[in-house]
Each structure stands twice: as structure tokens, then as C-alpha cells.
Amino acid sequence: MTDIPASPAASAAPSKAPAYTLTLSCPDQAGIVHAVSGGLVAARGNITESQQYGSPETGTFFMRVDFTAPGSHAEVRETLAPVAQAFGMEWQLHAAGAPVRTLIMASKSGHCLNDLLFRQRAGTLPIEIPAIVSNHQDLAGLAAFYGVPFHHIPVLPGGKEAAEAQLRGLMQDLDIELVVLARYMQILSNQLCRDLSGRAINIHHSFLPSFKGAKPYHQAHARGVKLIGATAHYVTSDLDEGPIIEQEVIRVDHARSASQLVALGSDVEGRTLSKAVQWHAEHRVLLDGKRTIVFN
């Protein structure tokens with residue numbers, strides 16, 4: 001018997017439709033979900049995940065949709081545009097899984113930076129890290145270990161404006177989408193904070209405002225605290241008071257030394273910051289005034 005070769009149409013594997021993530025916010029009203037679903041049907045889309053929330057405080061509706069569709073990004077966007085316009089939406093359409101180009105800034109402590117670099121290399125953090133910036137040289141070796149270019153931008157007395165100008169140039173050259181302050185111990189100018197609104201994430205211990213200044217874990221140990229934790233938030237001109245993305249706490253007791261509190265706090269800070277960065281990179285965080293809506 002002679003084998004009959006399969007036709008090209010029969011042997012070719014079906015092409016996989018591109019995956020997208022749609023995020024939106026608009027004044028809350030009836031018919032939004034129906035209209036968005038209709039727009040996705042018109043784009044020949046298949047919804048794989050959908051979450052929504054209506055804020056009673058601000059009267060704003062938020063939605064995040066994962067879907068696949070055969071059209072290009074431009075084609076899908078054109079199909080959805082009339083729906084967005086009809087409801088006055090602020091919306092974004094992302095290619096699902098595309099790594100977010102992220103600049104990490106740190107000073108001398110490397111625990112948060114190392115956590116981010118390790119998770120990114122392991123493939124669990126959907127970001128691309130084209131550069132690390134520091135006002136000190138201490139972390140150059142860690143950057144070299146992971147093969148990430150290290151940029152030393154010192155902040156000299158009276159030189160903040162020049163340092164930030166250098167930072168802005170680097171961000172523009174590298175097409176940076178997100179800035180992460182991984183224990184970067186310099187205060188950004190109000191203007192830079194405004195320019196990075198919703199695109200810069202910071203981490204700090206959750207003792208604030210109780211234990212400010214140097215050695216907060218030692219201060220906490222001296223006061224016999226029973227909870228330590230960390231807060232990851234968007235950067236604003238209000239120091240350490242931006243919209244909160246994620247927080248974590250752990251219990252401690254009198255038997256813990258100050259150095260043990262520092263070690264435990266470092267672990268919590270690293271986990272909390274990485275989780276916040278992951279959710280931002282997956283487009284799960286939407287701003288609702290001074291707070292966030294996190295679809296996780």
C-alpha cells in the first residue's frame with residue numbers, strides 16, 4: 001500500500017492567537033461589562049480571565065480582562081476604541097506576558113535587589129532589567145554577577161538636579177517603563193515623582209511613622225515590637241505615603257535579637273517588593289485616587 005501524504009492544510013498545526021490584557025477604568029454605570037464583552041466578540045476574542053470592581057467611594061468602575069484574539073495589537077485596539085469612547089474609559093491594551101523594561105535603583109543594601117534579580121532570572125518575574133543605578137559602588141559586584149549593566153550616579157551635596165538629569169537621560173535611552181527603588185536611600189525630587197506617577201515603586205519597613213531614621217529594626221527591638229513588616233507602594237512627592245500595592249507582616253517575640261529582626265525584615269521587604277513588581281508588570285494594579293485596586 002502506498003502512503004498518501006497529508007495535505008499541507010491538514011498537517012499544519014493550528015496557529016495560536018496572540019494573548020492580550022485589557023485594563024480600564026471609567027465612571028461606573030450599567031452596561032459596561034456587556035459592552036466590553038461585545039467589543040471582544042467583535043474582535044473575535046476569547047476571554048480567559050476577567051475581574052471587575054466598582055468603587056463606592058469614587059464611583060469608578062475598574063476591569064481587567066485576559067483574552068486571546070487573532071488580530072494584531074492595532075486591529076484589536078481599533079475594534080475596542082468605540083466602546084472605550086462611549087463610556088469615557090481610561091484604558092490600555094497590552095501584549096500579555098511582554099516583559100516590562102525596568103530600571104532598578106539601590107544604595108548599599110542588596111537584599112531587595114538580589115531578590116528581584118534572582119526572580120527575574122528564574123523566569124518568575126515578567127520584567128526585563130537593562131540597568132541598575134546606584135548612588136554608591138557597593139552593589140556593582142552583585143550587578144556583575146547577574147550580568148546587568150551598573151551605573152554609578154552619585155548624589156553630591158547640591159547635585160541632586162544634575163544626578164536626576166543623568167538618570168532621566170538613561171531612562172530615555174533605555175526606554176524604561178518602570179522604576180523600582182529597591183532600598184534606594186535618596187529622596188526623589190517632587191517633579192521626578194510627578195513624572196513617574198504610577199511608574200515607580202518603592203519599599204519601606206512598616207514601622208513608619210514609629211521608627212524613623214537610622215537602624216529602625218534596632219529601634220523596634222528596643223521597644224519590644226511584636227510585628228514587623230514591609231509596604232510596597234507607588235512613589236509620590238509625599239514621602240512613603242503613595243498608593244499601597246502590597247504589605248506583609250510577620251510576628252516576632254522577645255527572644256529575637258536586633259540582628260535577627262534585621263534579617264527577618266530583609267526577607268519580608270524582598271518578598272513584598274517582588275510581589276508588587278510582579279503585579280504591576282502583569283497589569284494587575286489600577287490606581288483609584290490615593291489607593292490601588294489590585295486584581296490578583
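**Figure 1. Overview of the predicted model of the protein chain.** Of the contacts in the protein chain with a separation of 6 or more, 67% are between residues 24 or more positions apart. The chain holds nine helices and 13 strands. Its C-alpha atoms fill a box of roughly 80 × 55 × 45 Å along the principal axes. Of the 296 residues, 44% are buried. The protein chain exposes about 15,500 Å², and carbon and sulfur atoms supply 53% of that area.

**Figure 2. The salt bridge between E57 and R291.** Twelve salt bridges are found in a search of the whole structure. In the one shown here, the side chains of E57 and R291 meet with an N to O distance of 3.3 Å. The partners come from distant parts of the chain, 234 residues apart: E57 is in the loop between β2 (46-55) and β3 (60-68), and R291 is in strand β13 (residues 291-294). E57 counts as exposed, because its relative accessibility is 61%. R291 has a relative accessible area of 35% and is therefore partly exposed.

**Figure 3. The salt bridge between E128 and R101.** The closest N and O atoms of E128 and R101 are 2.9 Å apart. Because E128 lies in strand β6 (residues 127-134) and R101 in strand β5 (residues 100-106), the pair ties together parts that are 27 residues apart in sequence. E128 is partly exposed, its relative accessible area being 34%.

**Figure 4. The salt bridge between E269 and R183, and a salt-bridge network.** In the pair E269 and R183, the closest N and O atoms lie 3.8 Å apart. E269 belongs to helix α9 (residues 258-281) and R183 to the loop between β8 (178-181) and α7 (190-195), so this salt bridge ties together parts that are 86 residues apart in sequence. Both E269 and R183 are buried. Elsewhere, E49, R64, D66, E282 and R284 are joined into one network by salt bridges that share partners.

**Figure 5. The largest cavity.** Two cavities of 30 Å³ or more are found in the whole structure. The largest cavity contains about 100 Å³ of space. Its lining consists of M105, V133, I153, V155, K160, A163, E164, L167, Y184, Q186, I187 and L188. Helix α6 (residues 160-173) contributes the most to this lining, giving four residues. By class, the lining of the largest cavity has nine nonpolar residues, one polar and two charged.

**Figure 6. The second largest cavity.** This cavity has a volume of about 50 Å³. L22, L24, V36, L80, V83, A84, M89 and W91 form its lining. Two or more lining residues come from each of β1 and α3 (73-86). With three residues, α3 gives the most to the lining of the second largest cavity. The lining has eight nonpolar residues, with no polar and no charged ones.

**Figure 7. The second largest pocket.** The volume of the second largest pocket is about 600 Å³. It is lined by 21 residues, and T23, Q92, H94, H280 and V285 are those nearest its centre. The elements giving two or more residues to this lining are β1 (19-27), β4 (90-95) and β12 (285-288). The most come from β4, with four residues. The lining of the second largest pocket divides into ten nonpolar, eight polar and three charged residues.

Key:
Residues numbered from 1 in each chain as written. Predicted model: local features only at pLDDT ≥ 70, side-chain atom pairs only at ≥ 80, totals over all residues. Heavy atoms only, no water. 1 Å grid on protein atoms, 1.4 Å probe; cavity = no way out; pocket = protein on both sides within 12 Å on 5 of 7 lines; lining within 4 Å. Points joined across faces, edges and corners; volume = space filled by probe spheres on them. Nonpolar A, V, L, I, M, F, W, Y, C, P; charged D, E, K, R; others polar. Buried < 20%, exposed > 50% of the residue type's maximum accessible area, 1.4 Å probe, protein only. Contact = heavy atoms within 4.5 Å. Areas by Shrake-Rupley, 256 points an atom, 1.4 Å probe, with all protein chains shown as cover. Salt bridge = Lys/Arg side-chain N within 4 Å of Asp/Glu carboxyl O.
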